[in-house]
Amino acid sequence: MLRIVIVDDEILIREGLARMIGKESSSFLVIGTYGDGKQLLDALPSLQIDVVITDIRMPHVDGLELIKQLKAGYPRIRTLLMSGFVEFNYAREAIRSSAVDYLLKPINKEQLFEVLYRLDEEQRMFREKEERQRSGLLLSLLHVEQPSEILLSSLTLPQPYFSVFVLKGSSRETVCACSDSLRQEKEILLDLLEIRKGLYVWIWYSAEPLTAAELNRIDGTIRAASSGQCLHAGVSGSYRTPSKLRSAYLEAKRACDAGIYNSQPLHYITAQELPDADISLSDPFAPVREPLIHDLQILNISGVLGHLHSMFSLLESQRACPEHILRACREVEDTARKELQEFGAVYRVSSRPSLEEQIETCMSFEEIERMFISTFTDALSIIRTHRLELSGTAVETVKRWVAAHYNQHADLNMLAGMVFLTPSYLSKLFKQETGLTLTDYVIEIRIRKAKQLLKNAHDLKIHEIGAEVGYPDPAYFNKLFKKIVGVTPNEYKRISLV
């Protein structure tokens with residue numbers, strides 16, 4: 001939209017010209033008319049102007065002087081000069097003073113509109129370029145905690161104040177529809193930034209801080225444009241300096257994030273309406289950590305589900321923000337990785353978005369809970385099925401290894417890795433199938449081999465047999481053998497020879 005002012009000391013001319021321009025196109029907006037250049041210069045600091053159409057001869061400040069002052073103080077404002085034919089020498093001076101064009105009175109409509117349409121297209125292209133450049137700087141400032149002075153000084157905002165709106169929608173079309181509706185209103189200036197899929201930011205510019213009435217009006221426009229679609233919107237306070245952009249963004253995002261606890265399709269709230277964050281909230285994962293570990297080790301999926309529901313119930317009662325929910329879910333994941341050797345490979349699917357991305361796209365707390373629990377327990381079910389398939393062969397594999405390497409140290413972690421089980425699960429499974437702990441089973445195999453050697457290897461001494469079966473300490477071998485067999489190795493050898 002081309003914002004135009006008309007300056008002429010004849011009221012009939014300036015008002016007639018304003019009506020003619022207003023009827024021509026909705027792209028042209030006459031925002032004021034003035035009797036001479038001084039009136040315009042006095043009002044200029046509070047105006048947003050693209051084009052000045054001015055007469056040459058006026059009291060106080062004439063057209064040529066007005067053009068020179070505009071060029072010096074407001075170089076982006078374009079000017080059109082009007083005058084009678086006899087003032088052609090003034091026209092040449094005006095052109096040297098950077099007036100866009102020279103219009104003879106009475107004004108030729110075709111000539112005027114040809115110039116205005118050309119200026120409108122130039123302004124549109126210039127603004128698009130300016131918005132692209134500004135958007136890049138804005139995105140940087142939203143994400144940088146301590147921006148450099150060079151970055152801050154590179155950004156020029158189109159109005160003195162700005163407010164940040166963070167919008168999260170179930171569809172991009174909903175957010176764009178709201179943006180388009182607002183941009184159709186006169187004097188609305190905003191930049192639309194896409195942070196990621198589903199999350200958008202408006203930088204709303206204004207001459208003064210947004211009032212409660214203006215915020216309510218924006219709420220009404222968004223409500224009408226969203227057409228009942230799910231949309232969360234959070235609004236920051238109004239600020240003047242670009243260095244406040246990130247803090248304003250975080251304010252608005254916190255307000256927007258609160259929408260996961262709102263059952264209504266439209267959630268619209270300012271940061272000032274939110275209660276202060278409670279930094280003393282308890283850790284929602286701590287109460288379920290130990291029972292969760294126990295049920296993970298034995299793959300009791302129903303027990304795991306109960307613990308996760310308890311954790312999410314506490315998160316919901318605390319009105320936890322997505323960052324806190326993410327932190328609790330990651331603790332659950334990390335615990336599963338420690339307790340279940342296969343969890344990382346089963347749970348990590350390259351085609352699936354990251355946990356953070358999944359949580360950020362959810363529009364309700366219930367959706368977050370369903371998404372996480374479903375994905376997590378699906379992985380546990382895969383591991384449990386795989387282990388049940390392996391359980392028939394896992395113990396036999398370990399027993400064969402012990403039989404072949406009875407004189408070596410039977411490292412539980414190594415054996416568990418060999419059969420793709422966790423150490424704790426292997427221990428439980430081995431005891432369940434053999435009636436012995438893995439340590440007792442190794443001792444049984446070693447003592448059995450020692451008895452064979454005592455009977456048949458007459459050339460080996462007692463301490464050599466002990467070392468051969470994995471007990472290099474003779475005293476310990478003698479003590480253990482007597483405890484298991486009931487007699488010392490020497491006594492067993494003599495009895496065997498009888």
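# A guided tour of the predicted model

Begin by selecting Lys 253 and Glu 360, which form a salt bridge whose closest N and O atoms are 3.4 Å apart. This is a predicted model, and everything pointed out on the tour is computed from its atoms. The pair links distant parts of the chain, with Lys 253 in helix 9 (residues 245-257) and Glu 360 in helix 14, 107 residues apart. Lys 253 is buried, and Glu 360 is buried as well. Now add Arg 196, Asp 257 and Glu 323 to the selection, and you will have a network of salt bridges in which these three are linked with Lys 253 and Glu 360.

## Other salt bridges

The count of salt bridges in the model comes to 17, and two further examples can be visited from here. Select Arg 78 and Glu 122, where the closest N and O atoms of the salt bridge are 3.0 Å apart. Because Arg 78 lies in strand 4 (residues 78-83) and Glu 122 in helix 5 (residues 109-143), this pair ties together parts that are 44 residues apart in sequence. Arg 78 is partly exposed, with a relative accessible area of 31%, and Glu 122 is partly exposed too, with 32%.

Next, select Asp 334 and Arg 337, which form a salt bridge with closest N and O atoms 3.4 Å apart. Both residues belong to helix 12 and are three residues apart, so they are separated by about one helical turn. Asp 334 counts as partly exposed at 41% relative accessibility, and Arg 337 counts as partly exposed at 40%.

## Into the nonpolar cores

Turn now to Phe 312, Ile 325, Phe 343, Phe 372, Phe 376 and Leu 380, the residues with the most contacts inside the largest nonpolar core, which has 34 residues. To see where this core comes from, colour helix 10 (289-297), helix 11 (301-317), helix 12 (322-339), helix 13 (343-347), helix 14 (355-361) and helix 15 (365-404), the elements that give two or more residues to it. Helix 15 supplies the largest share of the core, nine residues. Centre the view on Phe 312 and, leaving out residues up to four places away in sequence, you will find that Phe 312 touches Ile 325, Cys 329, Phe 365, Ile 368, Glu 369, Phe 372 and Ile 373. A second, separate core has 33 residues, and Leu 415, Leu 421, Ile 447 and Tyr 471 are among them.

## Rings and charges

Keep Phe 312 selected and add Tyr 261, Phe 343, Tyr 347, Phe 365, Phe 372 and Phe 376, since ring pairs link these residues into a cluster. The count of aromatic pairs in the model is 17. One of them is formed by Phe 481 and Tyr 492, an edge-to-face pair that is 5.7 Å centre to centre with 70° between the planes. With Phe 481 in helix 20 (residues 474-485) and Tyr 492 in helix 21 (residues 489-497), the pair ties together parts that are 11 residues apart in sequence. Phe 481 and Tyr 492 are both buried.

Return to Tyr 471, a member of the second core, and select Arg 446, which lies over the face of Tyr 471 at 5.0 Å from the ring centre. A similar selection is Arg 240 with Tyr 161, where the charged end of Arg 240 sits over the ring, 4.9 Å from its centre.

## Around Pro 160

With Arg 240 still in view, select Pro 160, which lies in the loop between helix 6 (149-153) and strand 6 (161-169). Pro 160 is partly exposed, with a relative accessible area of 33%. Apart from its neighbours within four places in sequence, Pro 160 is in contact with Ser 206, Ala 207, Tyr 239 and Arg 240. For a sense of distance, select Thr 377 as well: the C-alpha atoms of Pro 160 and Thr 377 are separated by 52 Å, and the two residues are 217 residues apart along the chain.

## Last stop: the cysteines

What is the number of disulfides that the structure holds? The structure holds zero disulfides. Select Cys 230, and the nearest cysteine sulfur, that of Cys 256, is 10 Å away. Cys 230 is partly exposed, with a relative accessible area of 23%. Then select Cys 362, whose sulfur is 9.9 Å from the closest cysteine sulfur, in Cys 329, and therefore too far for a bond. Cys 362 counts as buried, at 4% relative accessibility.

Note on methods
Residues numbered from 1 in each chain as written. Predicted model: local features only at pLDDT ≥ 70, side-chain atom pairs only at ≥ 80, totals over all residues. Heavy atoms only, no water. Core = buried A, V, L, I, M, F, W, Y, C linked by side-chain atoms within 4.5 Å. Buried < 20%, exposed > 50% of the residue type's maximum accessible area, 1.4 Å probe, protein only. Helix = DSSP H or I, 4+ residues; strand = E, 2+ residues; numbered from the N terminus. Contact = heavy atoms within 4.5 Å. Disulfide = S-S within 2.5 Å. Phe/Tyr/Trp six-rings, centres within 6.5 Å; stacked < 30°, edge-to-face > 60°. Lys NZ or Arg CZ within 6 Å of the ring centre and 35° of its normal. Salt bridge = Lys/Arg side-chain N within 4 Å of Asp/Glu carboxyl O.
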